[in-house]
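Please take a moment with the sequence and the model below before reading on. The paragraphs after it walk through one part at a time.

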Amino acid sequence: ALALSLSACGGSSSASSTSSANNPYGLITPGQFRVASVGDSKPYTFTDSSGKFTGFDVELFTDVAHRAGIDNVVFTGQDFSAILPAVANGQFDVGVAAIGITDKRKQTVDFSDGYLAGYLTVLTTKTSGVTSADSLKGKRLGVVQGTLQETYAMKNFPNSNLVRFPDNNAAVSALNSGTVDAHFLDYEAAKDYVSKFGLVDAADIPSFDAPAGFAIAKNKPALKDALNKALKAAMDDGTWKRLYQKWFPGSPMPKQYLPASDQ
Ligand SMILES: NC(=O)CC[C@H](NC[C@@]1(O)OC[C@@H](O)[C@@H](O)[C@@H]1O)C(=O)O
C-alpha cells in the first residue's frame, strides 16, 4: 500500500520517475511537464512583464508538448548551471534554455534532437576598448557559470580575466556599471541587451556544432522519442519557421529545421 501511495503522489524527487501506463513519459507529476529554464535570455527564454515565461524556446517546447499530449507545462527559472543537475536528479522533467548539445553534457543528461544553431556573442560597451575577440587580452570578461561561453572562453581567451556570474542579469548590470569590460552570451540575447542598453556586439562566434536541444534525464526513451517526433512535426508543418520569424526577425535562418519544401 505504501509503494502504491508513493507512486500515486507523483513519485520521489531523488531518482527520475519511471514510466507506467498512466505516465508513459515517466513525468514527476503525470500529465504535467515541469520545465527548468532561465528568465533573462530574451528572446529565447524570458519572463514577460506579467512574469509569464515566453520566447522562442518556450513557445517551441509548449507546441512540442501539446503534440506529445501534454498541455500542462510549468516553467521555473533556475541559474543556468543548476538546470542539468536538476533534470538529471529528477527535480524537473525537461530543461529548456537554448542549451547546446555537447558530449560532455551528455554525461549528465540526454537531449532531444537539435532545434536551433547560432552564435556566441561578445557583448561590450562603447568605451571598454573591446572591439573584437582579439582585444579581450587583459580585459574582464563576464560569463554565466556552466555555459558553453565559459568553456569556450577558458580555452580560447586564456589571457582575459574571466568573471563568473549566475545569470545574464547580473553580468549585464556589471557591464553597465563598469565592473566587467564585456559579457559572453548568446547572439539573440546579446542583440536584445544591445537595443535595451545601447551596448555593442564586438564578436559573433559560430556554435553550429552544439545546436540547442531539450535536456531530459538519461534512460527515458519514451519521452525522448515523443519529443523528437513532435519536434520533427513542428518543423515539417512550418511551426518552427513561424516561431523563428516571430522571435528572431531579420536573423539568418538555418536551413536544417525548415520543411522539405523550403530546403
Ligand atoms: N541559456 C543560456 O545561457 C545558454 C547559453 C549557451 N547556449 C548556446 C547555444 O545553445 O545557444 C543557441 C544556439 O545558438 C546554439 O548553437 C548554441 O550552442 C549554452 O548552451 O551554454
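What follows looks at a sheet, then at a helix beside it, and finally at the ligand. The model is a predicted one, and every statement here should be read with that in mind.

A good place to begin is the open sheet, whose 5 strands are arranged in the order E10-E9-E11-E8-E12 with mixed pairing. Strand E10, residues 161-165, and strand E12, residues 200-206, stand at the edges with a single partner strand each, so one side of each has no neighbour in the sheet. Going from one strand to the next, the twist averages 25°.

Within this sheet, strand E9 (residues 140-144) and strand E11 (residues 182-186) run parallel and are joined by 3 bridges; Val-143, for example, has Phe-184 in E11 as its bridge partner. Helix H5, made of residues 168-176, packs on the sheet and touches strands E8 (119-124), E9, E10 and E11, while its direction makes about 150° with that of E11.

The ligand is surrounded by 19 residues, the closest being Gly-100, Arg-105, Leu-148, Ser-207 and Ala-210. By class, this shell holds 11 nonpolar, 6 polar and 2 charged residues. Which atoms of the protein lie 2.8 Å from an oxygen atom or a nitrogen atom of the ligand? For an oxygen atom of the ligand, it is an N or O atom in the side chain of Arg-105, and for a nitrogen atom of the ligand, it is an N or O atom in the side chain of Asp-186. In addition, a polar backbone atom of Leu-148 is 2.7 Å from an oxygen atom of the ligand. Taken alone, the ligand exposes 490 Å², of which the protein buries 97%.

Definitions and conventions:
Residues are numbered from 1 along each chain as its sequence is written. This is a predicted model: local features need pLDDT of at least 70, side-chain atom pairs count only at pLDDT 80 or more; totals for chains, interfaces and linings use all residues. Side-chain values use heavy atoms; hydrogens and water are left out. Two strands pair if DSSP finds at least two bridges between them. Helices (H or I, at least four residues) and strands (E, at least two) are DSSP runs, numbered from the N terminus. Axes are lines fitted to C-alpha atoms, for helices over the stretch in contact, and angles run from 0 to 180 degrees between N-to-C directions. Contact means heavy atoms within 4.5 Å. A residue is near a molecule or strand if one of its heavy atoms lies within 4 Å of it. A polar contact is a pair of N or O atoms within 3.5 Å; within protein, one must be able to donate a hydrogen and the other to accept it, and residues adjacent in sequence count only if both atoms are side-chain atoms. Accessible areas come from the Shrake-Rupley method with a 1.4 Å probe; for residues, only the protein chains shown count as cover. Ala, Val, Leu, Ile, Met, Phe, Trp, Tyr, Cys and Pro count as nonpolar, Asp, Glu, Lys and Arg as charged, and the others, Gly among them, as polar.
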